[in-house]
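Open the structure in your viewer and keep the selection tool at hand. The stops below say what to select next and what is there.

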Amino acid sequence: MSDLWDDAETRFIQPYQANKTYLCPGCNRDIPPGLGHMVAIPYGAADLRRHWHRACWTERGRRRPMSS
Ligand SMILES: [Zn+2]
C-alpha cells in the first residue's frame, strides 16, 4: 500500500477553505476546520484523495529511503 502517495498531486488548502474536519492518514488525528493543510490526490484515483497536515505530509516524504 505504500505507494499510492508516491505519485500524487498535492494542493494546499487555505485556512478559509477548510470548513470541515478531516482525518489525517499520517497521524490519524483530526484536521480541524480553519487549519491550512494539504490535500493529496493519487493520480488516476481521485476518489482516494486524503487531507493531510502539512507537517505529516512533509514527514512522510522524509521517511523515504535516501538510497537503496
Ligand atoms: Zn497529521
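Select Val-39 and His-51 together: His-51, in β5, is the bridge partner of Val-39. This is a predicted model, in which local features need pLDDT of at least 70 and side-chain atom pairs count only at pLDDT 80 or more, while totals for chains, interfaces and linings use all residues. Numbering starts from 1 along each chain as its sequence is written.

Now add Arg-11, which stands opposite Val-39 in β4.

Widen the selection to the strands. Strand β4 covers residues 37-42, and with strand β1 (residues 8-13) it pairs in the antiparallel sense over six bridges. β4 also pairs with strand β5 (residues 50-52), again antiparallel, over three bridges. Strands count as paired if DSSP finds at least two bridges between them. Helices (H or I, at least four residues) and strands (E, at least two) are DSSP runs, numbered from the N terminus.

Next, select Pro-42, found in strand β4. Is Pro-42 buried or exposed? Pro-42 is partly exposed, because 17 other C-beta atoms lie within 10 Å; buried means 20 or more, exposed means 12 or fewer, and partly exposed is in between, with C-beta atoms placed from the backbone. Leaving out residues up to four places away in sequence, Pro-42 touches Leu-4, Trp-5, Asp-7, Ala-8 and Leu-48. Contact means C-beta atoms, placed from the backbone, within 7 Å. Select Asp-3 too: its C-alpha atom is 9.2 Å from that of Pro-42, with the two positions 39 residues apart along the chain.

Finally, show the whole protein chain, which has one helix and five strands, in the order β-β-β-β-β-α. Buried residues make up 12% of its 68 residues.

Conventions
Two residues are in contact if their C-beta atoms, placed from the backbone, lie within 7 Å.
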